[in-house]
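Reader: Hi! I have this model open and would like to walk through a few spots with you. Could you help me find my way around?

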Amino acid sequence: MPAFVSSRLFWIGALTVIVALVLPTYVSGYVLGLLTVAYYTAVFAMSWDLLFGFAGEVNFGPTFLIGVGAYTAGILDAHYSPGLSIWICIAAGALAAVVGGVILALPALRVSGPYFGLTTLVAVLMLQNFIVVAAGLTGGEIGLAVPDVISIDAKTNYWIALGFMLVSGAILFGLSRSAIGLILQASGQDKIQAGALGFNVTKHKLAAFVVSAFFSGLAGALMVFYMGTASVSTFVDVGVGVQIIIAAVLGGRRTVIGAAIGAIFLIGMGELLRPLGELATLIVSVIALLVILFFPDGFLGIIRGGAKA
Amino acid sequence: MLFWQILIDGFAISALYALGATGFTLIFGVSGVLNLSHGAIMVGAAVAAWAAAGEFGTGPYMGALIGILAGLVLAFATYFIAVRPIQRSRAIAESEKEIFILTATLLWGIIIQEAIAYLFTNNAKTVLPIVEGVTTVFGVRTPRNEYFTAVICWVAIGLLWFLVNRTRRGKSVMAASMNPRGVTLLGIELSSIYLTVWAIYGLLAGVAGILLGMFLGVSSYSVGPLTASAFSIVVLGGLGSVSGSLIAAYVVGYLETGTAYLISPAYRTIPALLLLVVVMYLRPQGLFGRR
Amino acid sequence: MSAAPMLEVNGLTKRFGGLVAVKNLSFSISPGEILGLIGPNGSGKSTAMKSVMGVERPTAGSVKLDGIELSGLPSHRIARMGVGLVFQHSRPLARQTVLENIKVALLPDKLTRLFADKDVDARARAIAERVGLGGVIDRRPPTLAFADLRRLELAKAVARSPKLVLVDEPFAGLTASEVADFSNLIREFRDDGRAVLLVDHNVKSVSALVDRVLAMYLGEKIAEGRATEVMQNETVRRVYLGGALVSTARPEASFKDVTPALQVDNVGVLYGKAQALQDVSLHVHEGEFVSVVGLNGAGKTTLFNAISGLVPYSGAVKWAGRNLAGGTAAQIARDGIVQCPETRELFGDMTVRENLELGGNALSDAERGERLEWLFGLFPILKSRQPQLARTLSGGEQQMLAIARALMMKPKLLILDEPTLGLAPVILETLSKALDRLRETTKITVLLGEQNVTFALPHADRVYVLDHAKIVWEGPPDRFEAEAAANYL
């Protein structure tokens with residue numbers, strides 16, 4: 001049945017892309033802005049899924065990588081604008097996230113089980129404190145305003161975010177289906193056996209970390225120049241990381257694409273329910289909890305289950 | 001003067017941390033569950049006490065009792081809604097249950113937090129204190145409530161120690177944290193041990209939440225930081241080690257108080273986090289962890 | 001066997017903290033030779049194999065493959081140098097097909113190679129064909145039969161054409177015809193000129209296949225030679241069978257209960273897809289002492305866990321005529337069937353006294369005190385060890401504590417699983433005497449599982465032999481020597 005399942009997924013995917021492509025003609029700038037944020041969040045969630053779903057590493061601190069990327073780009077721009085092109089700032093953000101990822105991964109890969117997760121969580125708390133303390137550099141709790149933005153046109157921003165999500169999604173998905181993705185899965189499944197088959201497990205997991213960090217950092221940096229500001233509550237807070245993890249689990253682990261669906265769903269639902277005020281988050285959380293309890297394979301699991309029946 | 005101030009304030013805060021973290025670590029020790037709705041349960045208990053004592057005029061004692069009851073109810077709800085269904089699920093692989101329980105308890109915590117915000121707004125709430133007035137010791141003027149907090153915390157911890165080390169039920173809980181299979185072989189139902197542990201946890205978290213509400217006040221914004229602080233204390237002390245968390249609570253409490261008074265309140269949490277990072281890298285099982 | 005040895009292991013030692021798992025082990029294997037490495041649980045054979053593979057890092061000694069030192073290298077390097085390991089417990093990728101699973105083993109360990117070479121597909125298909133997976137090549141592992149999952153492990157291990165193949169318990173869980181298939185596959189490896197190391201519990205299961213056998217016990221080599229020689233070896237026989245056999249059995253007719261207290265009817269247990277117990281029936285009368293003997297891996301522990309309600313099973317277990325299905329394990333223990341498991345399951349960070357008191361958790365204070373006194377009479381050493389933490393006890397003392405803790409529950413039926421595992425002969429003596437006293441002074445019913453026949457037989461009224469998940473013999477202990485001993489090892 002795999003051909004049928006993938007074809008069904010393919011059609012759903014194609015339909016979604018078409019909808020995303022024609023959307024700017026019909027909806028308001030506000031909705032486009034919302035979707036722009038959703039697309040960046042989708043990249044965060046997909047990057048996280050590469051680490052968890054394939055390499056088997058539970059990273060509780062996706063926002064460490066995102067935050068390092070976002071703030072590096074933001075700080076560079078705030079201090080050197082207009083001498084420095086924002087694209088260089090963005091590239092520097094992605095690079096900084098990769099360096100941060102390696103620094104985080106090297107010691108973290110030595111420990112296993114819950115301790116890996118704890119290490120990553122502590123990294124987030126450290127970054128958060130650093131930003132608050134080094135307020136002169138980072139803007140502290142108020143946030144860092146960057147002088148430049150990519151564009152003030154909602155449509156342009158939307159196209160950039162959509163393009164970025166599609167390209168990163170294609171790369172991450174392709175990677176997960178490639179030889180490296182298979183080796184990663186084998187390592188995540190059984191580290192000892194993967195070693196006995198001749199694979200340097202540490203090297204492959206480190207590579208997964210680097211890729212995950214690169215896309216997280218890049219997305220973080222791009223988002224800074226969309227929003228025009230970087231703040232702890234949008235990029236670093238543990239709560240943001242939690243939302244990313246929930247998005248990935250909700251959409252369906254180990255699918256990459258599911259993570260994107262989950263992220264767009266979470267943000268979309270939050271907005272649809274906004275008129276309900278405080279109840280909005282409550283309802284979204286209840287839905288997410290119900291999905292996790294009753295459909296542990298997430299949205300994609302539901303679709304696939306339907307295809308099998 | 002400043003020395004005494006730090007000593008007294010630090011002691012009260014540390015006692016509160018210790019009480020909050022004890023139940024958290026006990027659950028991990030017995031059933032391997034890291035309950036990320038911890039902060040929400042503490043705040044839930046405090047808000048229930050606040051609402052009963054203030055809004056509905058039951059007075060501080062009755063309010064505290066209702067708060068503790070709320071803690072108990074929330075703890076059981078957490079277990080039955082977000083933990084047990086996953087533990088018993090066949091659809092979720094054993095190796096993935098950890099991340100599922102973490103995610104589910106986290107969501108459950110958010111649900112409690114949002115429900116509180118919806119029903120009682122986001123405003124900070126101070127629970128009507130049982131003990132009022134100010135007293136001066138060593139030239140430091142301190143609210144009597146602060147001493148009261150420390151005393152109650154230690155009484156509660158003492159009771160827990162007594163329960164675990166001196167009663168049959170408590171000993172079987174202890175035994176289950178070392179070897180669950182051994183307990184089953186001795187004819188003791190693990191399911192009833194879990195219920196006992198969640199009940200103890202609910203009581204401890206409830207008391208800690210109410211005391212916090214009287215001492216510093218709570219709001220739905222305190223949920224995250226409360227979970228995080230319990231989490232770091234427990235990691236520092238060694239997951240599952242009750243005595244380790246008690247010591248870690250004092251280390252963290254004094255580091256924070258000292259930093260706040262001597263350097264700046266803005267830097268409050270940083271030294272403790274640095275310590276946590278160092279411990280994680282050098283000794284990931286925590287200062288007193290058994291593993 | 002004229003060629004120079006391919007694998008040379010010299011003075012291999014592996015310590016885990018204070019425990020010496022492998023002590024100064026030396027052996028060699030030539031190309032085109034199959035060596036069987038055998039020993040009971042805890043003898044260090046698996047650790048030795050893992051040390052060759054680099055999964056465990058040897059504490060001392062050398063492991064040379066064609067003269068190149070492997071010791072200290074990470075396992076992926078060792079694999080690249082031509083060593084393959086067939087794992088006993090496999091966790092294949094569940095969402096990929098059999099073909100893709102085999103392809104994984106053929107992928108390059110390079111980050112720059114996103115896609116595999118074109119010939120990988122053809123090679124993977126050839127390997128699948130060779131190990132007999134040709135018919136299921138597009139299926140996913142969760143839908144495969146157990147034997148096919150084992151074939152998949154074999155396929156992965158030999159995918160890179162290793163010079164040396166290590167096989168962990170090649171035949172565990174396989175049927176007789178599957179064993180024959182696997183033996184042929186392993187012989188083919190040998191005929192290709194590879195060196196093969198088979199690791200198993202006992203000589204019997206590998207004797208038809210191996211060129212040479214090395215027997216280990218408590219981390220050391222105790223015998224080496226042809227399979228028949230090793231089976232005749234005095235030390236080996238003592239380890240597996242113990243010394244001379246004596247018996248003081250009471251005839252089954254002397255037990256007056258018409259319906260036996262414990263009835264196990266046609267019980268079967270599956271671990272995943274492996275048949276761990278097949279159609280096992282046995283009974284124990286009230287007051288009777290029944291021994292189930294069998295080598296490690298025969299299914300004794302599984303049988304006891306089924307009786308204790310710790311694993312799901314088919315068939316029925318009846319206790320005093322009542323079916324036990326549906327009760328929790330703790331409920332069964334409270335009903336009087338108390339198991340003292342092979343793993344002991346003590347509360348390591350509690351004192352001896354606390355462990356015992358927990359055993360008597362359902363008793364009144366007075367009863368508990370009485371029971372404690374009685375147990376201290378049975379195991380005097382425990383009395384002096386009361387305030388000590390259980391994990392600081394010696395192995396023999398821990399075993400006594402485990403038995404004593406089970407006895408604290410006032411069991412009607414005591415299940416003892418491998419009490420002699422890893423214990424020195426002196427301790428066996430003490431344990432043996434305690435069991436004698438128990439049998440003589442109380443009316444307790446005992447079901448003892450043992451590999452060591454000399455320990456199991458003297459106490460027993462009746463004996464069952466368990467082999468490959470099935471009961472193969474039943475009778476009084478004095479007939480064991482004549483009827484069952486020859487096939488036992």
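Reader: Let's start with the open sheet in chain C: in what order do its four strands come?

Author: Happy to help, and keep in mind that this is a predicted model. The strands of that open sheet in chain C follow the order 2-1-4-5, with antiparallel pairing.

Reader: And which strands stand at the edges?

Author: Strand 2 (19-29) and strand 5 (68-69) of chain C do. Each has a single partner strand, so one side of each has no neighbour in the sheet.

Reader: How many bridges are there between strand 1 and strand 4 of chain C?

Author: Five bridges, between residues 7-16 and residues 60-65, in the antiparallel sense. To pick out a pair on your screen, look at Asn10(C), whose bridge partner in strand 4 is Ser62(C).

Reader: Nice. Now strand 11 of chain C: how many bridges join it to strand 12?

Author: Seven, and the two strands, residues 262-271 and 274-284, run antiparallel. Within that pairing, Val267(C) sits opposite Val280(C). The hairpin they make has two residues between the strands, and Gly272(C) there adopts a positive phi near 60°.

Reader: What about strand 14 of chain C, how is that joined to strand 11?

Author: Through five bridges, again antiparallel, with strand 14 covering residues 314-319. Asp265(C) is the residue that stands opposite Ala316(C) in strand 14.

Reader: Changing topic: which residue other than glycine has a positive phi near 60° in chain A?

Author: Val256(A) is one with that value. You will find Val256(A) in the loop between helix 12 and helix 13 (257-272) of chain A.

Reader: Is Val256(A) buried or exposed?

Author: Buried, because Val256(A) has 29 C-beta neighbours inside 10 Å, and 20 or more is the cut-off for that class.

Reader: And Ser161(C), where is that one?

Author: Ser161(C) is in the loop between helix 5 (146-158) and strand 7 (164-168) of chain C. Its phi is positive, about 50°, although Ser161(C) is not a glycine. Ser161(C) counts as exposed because it has 12 C-beta neighbours inside 10 Å.

Reader: Last one: how many residues do chain A and chain B bring to their contact?

Author: Chain A gives 30 residues and chain B gives 32. On the chain A side, helix 5 (114-133), helix 12 (238-251) and helix 14 (279-294) each supply two or more. Helix 5 of chain A has the largest share, ten residues.

Reader: What is the nonpolar, polar and charged split on that chain A side?

Author: The side of chain A that touches chain B has 24 nonpolar residues, five polar and one charged.

Key
Residues are numbered from 1 along each chain as its sequence is written. Chains are lettered from A and ligands numbered from 1 in the order in which they are written. This is a predicted model: local features need pLDDT of at least 70, side-chain atom pairs count only at pLDDT 80 or more; totals for chains, interfaces and linings use all residues. Two strands pair if DSSP finds at least two bridges between them. Two residues are in contact if their C-beta atoms, placed from the backbone, lie within 7 Å. Ala, Val, Leu, Ile, Met, Phe, Trp, Tyr, Cys and Pro count as nonpolar, Asp, Glu, Lys and Arg as charged, and the others, Gly among them, as polar.
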